[in-house]
Amino acid sequence: MDNEKLIDLAAEAMENSYSPYSSFRVGAALLLKNGGVVTGCNIENSAYSPCICAERLAIFKAVSNSRKEFLKIAVVGGKNGEKADLCLPCGVCRQVMSEFCGGEFIILIRGQDGSVTEKSLQELFPLPFVFNK
Ligand code: THU
């Protein structure tokens, strides 16, 4: 699947964002090694701490369906759903990515001009927390 298509799927997922508190709407589309795609959107809550980010929801949905082999994630987001901001994954989502993905895992972000920026997890999160199981 090409990057543009994955970004489009993230934008589609953003339509389901439930973000009445921040009005910041995010969608994510996670490309699996088997070619499948799992999407997520941010879901907020009046108690705030139960909020979940789009990226983490996509990863957790995949893992809960026995899918743990990931290639890329596209992330689209912005205030009021305006897809203008460069929406980078938060630190918690980067830590979750590091649990299931190697440093070569790719994060695709749509920039202000519509161009797609590609970052590796190694670039965005070079020193994850780990401990020996
Ligand atoms: N959010 C995401 O969905 N992904 C991120 O990586 C950063 C933040 C959401 C959480 C919250 O609902 C809103 O954006 C504002 O922080």
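**Exercise 1. Leaving aside its neighbours within four places in sequence, which residues is V63 in contact with?**

Before you start, note that this is a predicted model.

*Solution.*
- Step 1: Find V63 on the structure; look in helix α2.
- Step 2: Skip the neighbours within four places in sequence, and you are left with contacts to K68, F70 and F100.
- Step 3: Check how covered V63 is. Its relative accessibility is 21%, so V63 counts as partly exposed, given that buried means under 20%.
- Step 4: Now try a residue that V63 sits well away from. V63 and K83 are 20 residues apart in sequence, and their C-alpha atoms are 28 Å apart in space.

**Exercise 2. Work out which residues of α2 are buried, and what covers them.**

*Solution.*
- Step 1: Go along the helix and pick out the buried residues: A54, E55, R56, L57, A58, I59 and A62.
- Step 2: Look at what sits over them. The cover includes β1, β2 (37–41), β3 and α3.
- Step 3: See what comes after the helix. α2 is followed by S66, which has a positive phi, near 65°.

**Exercise 3. Two serines have an unusual backbone angle; place S23 and S66, and say whether each one is buried, partly exposed or exposed.**

*Solution.*
- Step 1: Recall the background: most residues other than glycine have a negative phi.
- Step 2: Take S23. Its phi is positive, about 60°, although S23 is not a glycine.
- Step 3: Place S23 in the loop between α1 (3–14) and β1. With a relative accessibility of 26%, S23 is partly exposed.
- Step 4: Take S66. You'll find S66 in the loop between α2 and β3, and its relative accessible area of 58% makes it exposed.

**Exercise 4. E69 is found in a loop: which one, and which residues does E69 touch beyond four places in sequence?**

*Solution.*
- Step 1: The loop is the one between α2 and β3.
- Step 2: E69 has 52% relative accessibility, so it counts as exposed; the cut-off here is over 50%.
- Step 3: With neighbours within four places left out, the contacts of E69 are L32 and K33.
- Step 4: Compare with a residue further along the chain. From E69 to N132 you count 63 residues in sequence and 21 Å in space, C-alpha to C-alpha.

**Exercise 5. K72 is buried: what is the nearest side chain of opposite charge, and what does the side chain of K72 meet in a polar contact?**

*Solution.*
- Step 1: Locate K72 in strand β3 (residues 70–79).
- Step 2: Look for a partner of opposite charge. The nearest such side chain is E118, at 5.4 Å. A salt bridge needs a distance within 4 Å, and K72 has no salt bridge.
- Step 3: Look for a polar partner instead. The side chains of K72 and N3 make a polar contact of 2.8 Å.
- Step 4: Fill in the surroundings. Beyond four places in sequence, K72 is in contact with residues including L6, A29, L31, F105 and L108.

**Exercise 6. Do the same job for R94, then describe the helix around it.**

*Solution.*
- Step 1: R94 lies in helix α3 (residues 91–100).
- Step 2: R94 is buried and has no salt bridge; the nearest side chain of opposite charge is E55, 7.5 Å away.
- Step 3: The side chain of R94 does reach the backbone oxygen of L124, at 3.0 Å.
- Step 4: Outside its own stretch of four places either way, R94 touches L88, P89, L121, L124 and F125.
- Step 5: Widen the view. C93, R94, V96, M97 and S98 are the buried residues of α3, and these pack against α2, β3, β4 (106–110) and α4 (121–124).

**Exercise 7. Which residues surround the ligand, and how much of the ligand does the protein bury?**

*Solution.*
- Step 1: List the surroundings: S22, F24, V26, N42, E44, C53, A54, E55, L88, P89 and C90.
- Step 2: Check the side chains. An N or O atom in the side chain of E44 is 2.5 Å from a ligand oxygen, and a polar side-chain atom of E55 is 2.7 Å from a ligand oxygen.
- Step 3: Check the backbone. A backbone N or O atom of C90 is 2.9 Å from an oxygen of the ligand.
- Step 4: Turn to area. On its own the ligand exposes 370 Å², and the protein buries 78% of that.
- Step 5: Name the elements that give two or more residues to the shell: β1 (24–32) and α2 (54–64).

Conventions. Residues numbered from 1 in each chain as written. Predicted model: local features only at pLDDT ≥ 70, side-chain atom pairs only at ≥ 80, totals over all residues. Heavy atoms only, no water. Buried < 20%, exposed > 50% of the residue type's maximum accessible area, 1.4 Å probe, protein only. Lys, Arg positive; Asp, Glu negative; His and termini not counted. Polar contact = N/O pair within 3.5 Å; in protein donor to acceptor, adjacent residues only side chain to side chain. Contact = heavy atoms within 4.5 Å. Areas by Shrake-Rupley, 256 points an atom, 1.4 Å probe, with all protein chains shown as cover.
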